[in-house]
Amino acid sequence: MDSLLENVAEVSKKYPKLDTKFSYGTAGFRTRADTLETVMFRMGMLAVIRSRAKEGQAIGVVITASHNPIYDNGVKLVDPLGEMLNESWEKYATSLANANDLIGALKDVIHETKVEMCKPGKVFIARDTRPSGLAFTKALMDGIQALGGLYHDYGVLTTPQLHYMVRCHNTQGEYGEATEQGYYKKLSKAFIHLRMLAGKGKAKQIKLDGANGVGALKVKEMANHMKGELPLVIFNEGEVSKLNEKCGADYVKLYQCAPDNMTICPGDKCVTYDGDADRVMYFFMGNDSQFHLLDGDRIATLIAGFIKERLDKTNVVLSRGLGMVQTAYANGSSTRYAQDVLKVPVALAKTGVKFVHHRAEQFDIGVYFEANGHGTVLFSKEAVAKIKEVAQKSEKNSEQHRAATELIYLIDLVNQAVGDSISDMLVVESILNAQDWELEDWFNCYTDLCNRQLKVKVKDRTVIKTSDTEEQVIEPQGLQVEISKLVANYSKGRSFARPSGTEDVVRVYAEADSRDAADKLAVEVAQKVFDFAGGVGDRPS
């Protein structure tokens with residue numbers, strides 16, 4: 001190991017540490033690109049160590065900043081089944097990124113994790129379309145090679161595609177072929193079969209906002225495999241200098257309007273991705289010229305309802321059942337619709353994809369989406385085996401056989417590793433086609449409660465402690481009592497406060513049955529937070 005560390009010390013001279021503080025979170029490291037080259041080098045080494053800790057399985061590294069502006073970039077690691085880096089390893093990423101004594105920090109990580117450095121280390125790399133990505137790939141490669149690891153550079157991919165490649169490779173092809181063409185072939189085959197089973201007419205054209213990101217490039221490749229079953233008109237499809245600029249899922253969600261450079265009319269079916277294509281949302285303009293958004297909550301209920309209906313027809317009984325996972329930010333109407341109308345249990349998890357994903361694994365079929373459009377469906381081995389058994393043993397052309405077959409193709413269409421704009425869009429399109437629904441039919445399933453989000457500046461956000469699901473404030477004492485009193489004054493009122501993960505602010509969410517009521521409740525709760533949690537500046541009004 002000494003020779004490896006000597007090599008690291010020599011190569012690291014090319015990547016001097018900057019006086020910048022980094023913290024690895026759900027999105028990995030994400031900040032201005034001009035501060036990240038040294039971090040990339042060090043994450044290449046961490047990926048090799050992680051691979052060795054996982055008996056030589058491939059670890060993924062994605063260079064992306066998702067919905068952030070073009071001048072930002074970031075990096076995150078992908079664990080063997082395509083899931084996010086295990087939370088227990090985030091501290092090692094942070095310590096390596098910030099270490100002044102790199103060799104000492106490496107020795108500490110190797111000692112604490114008890115990694116045998118003689119084992120093989122394999123890393124898969126991909127990047128989005130940001131100009132800084134190419135140089136960062138070189139820094140990653142240098143880090144990987146410095147510790148004696150091997151790498152495969154996939155070049156430009158969507159973030160979910162890289163997650164998919166890692167899972168395919170580490171399952172020896174059981175999940176699919178670990179190539180870009182293998183990804184397109186698997187998903188397109190499942191999609192076409194689902195359309196054939198539905199037996200409906202010609203596919204309706206989709207107007208797609210590609211956020212000027214990598215998703216616009218890759219969805220065109222997917223369309224080439226679809227035999228005309230995925231007619232697309234793509235807007236914001238590749239002007240990289242305008243990545244996420246007044247376009248993309250985050251912009252559409254925040255401003256409740258169509259992105260720039262995209263004209264929409266009543267009757268149009270519209271979709272938006274984010275910059276690295278792991279979020280997706282639908283939107284349309286009604287005949288009343290009002291903008292309507294179908295966000296992650298609505299995608300989750302659409303998918304959960306479809307699976308529930310088909311699962312009931314198969315008569316399959318699952319030990320842990322079907323469930324939907326949401327965060328406290330989910331609109332209360334979506335929760336009630338899932339529980340009361342669809343009869344699908346809903347579990348709450350802490351905000352953040354890694355927490356929601358983990359909670360969804362506790363069901364045999366777990367549907368999870370955050371309101372921002374990031375989500376997927378997880379199927380246990382038991383669920384897959386039982387559904388396949390019904391498909392094999394049931395009478396051909398029976399309702400039971402058809403339902404099981406639809407679920408089998410749906411399983412292949414879903415990217416279970418992570419939320420995937422392309423895969424999720426194909427799932428939604430398949431369900432809308434099977435239900436013979438327009439976007440208006442889907443939108444009219446329930447009416448969202450009005451909601452408002454505010455930020456309260458505080459001296460120290462850590463004074464706010466919440467329950468695991470973030471619905472209740474535990475500290476400071478007395479604050480939750482005051483919030484509950486305020487909520488009780490409003491019809492269908494709900495509100496919570498939680499500390500930001502990145503800045504000294506407390507985020508307040510409120511919803512009620514009218515816009516005025518939601519706005520008023522949000523301000524009243526923000527005032528209580530200001531008073532109890534050491535507010536800074538002007539009191540909310």
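This note goes through salt bridges, nonpolar cores, one helix and one strand of a predicted model.

1. Salt bridges in general. The structure holds 33 salt bridges, and the next three points take up a few of them, together with the surroundings of the residues that form them.

2. R195 and E229. The side chains of these two residues meet in a salt bridge, with 2.6 Å from N to O. R195 belongs to helix α7 (residues 180-198), whereas E229 sits in the loop between α8 (214-223) and β7 (232-235), so the pair ties together parts that are 34 residues apart in sequence. The two partners can also be read by their accessibility: R195 is buried, with a relative accessible area of 9%, while E229, with a relative accessible area of 28%, is partly exposed.

3. K253 and D295. Here too the side chains meet in a salt bridge, and the N to O distance is 2.8 Å. Because K253 lies in helix α9 (residues 249-255) and D295 in the loop between β10 (291-294) and α10 (296-314), this pair ties together parts that are 42 residues apart in sequence. K253 is partly exposed, its relative accessible area being 26%, but D295 counts as buried at 7% relative accessibility.

4. E309, R310 and their network. E309 forms a salt bridge with R310, and the closest N and O atoms of the pair are 2.7 Å apart. This pair does not stand alone, since salt bridges that share partners join E309, R310, K313, E399 and E406 into one network. Within the pair, E309 is partly exposed, with a relative accessible area of 34%, and R310 is buried, with a relative accessible area of 6%.

5. The nonpolar cores. In soluble globular proteins, nonpolar side chains tend to be buried together. In this model the largest nonpolar core has 81 residues, of which I307, V367, M425 and L426 touch the most other members. If residues up to four places away in sequence are not counted, L426 touches L187, F191, M222, M226, L230 and L413. There is also a second, separate core of 46 residues, and A33, I59, I144 and A146 are among its members.

6. Helix α17. In this helix, which spans residues 479-487, the residues L479, Q480, I483, L486 and V487 are buried. Seen down the axis of α17, the buried residues fall within an arc of 120°, so they line one face of the helix. What lies over them? The cover of the buried residues of α17 includes β17 (473-475), β18 (494-499) and α18 (515-532).

7. Strand β8 and its burial. Strand β8 (residues 269-273) is mostly covered, as five of its five residues are buried. Both faces of the strand are covered, with K269, V271 and Y273 buried on one side and C270 and T272 buried on the other. A student following the chain in the structure may find it useful to look at the two sides of β8 in turn.

8. The partners of β8. Which way do β6 and β8 run, parallel or antiparallel? Strand β6 (residues 206-209) is joined to β8 by four bridges, and the two run parallel; in this pairing I206 stands opposite K269 of β8. Four bridges also join β8 to strand β9 (residues 280-285), but these two strands run antiparallel, and the bridge partner of T272 in β9 is M281. The hairpin of β8 and β9 has six residues between the strands, and in this hairpin A277 takes a positive phi near 65°.

Notes: Residues numbered from 1 in each chain as written. Predicted model: local features only at pLDDT ≥ 70, side-chain atom pairs only at ≥ 80, totals over all residues. Heavy atoms only, no water. Salt bridge = Lys/Arg side-chain N within 4 Å of Asp/Glu carboxyl O. Buried < 20%, exposed > 50% of the residue type's maximum accessible area, 1.4 Å probe, protein only. Core = buried A, V, L, I, M, F, W, Y, C linked by side-chain atoms within 4.5 Å. Contact = heavy atoms within 4.5 Å. Arc of directions from axis to C-beta. Pairing = 2+ DSSP bridges.
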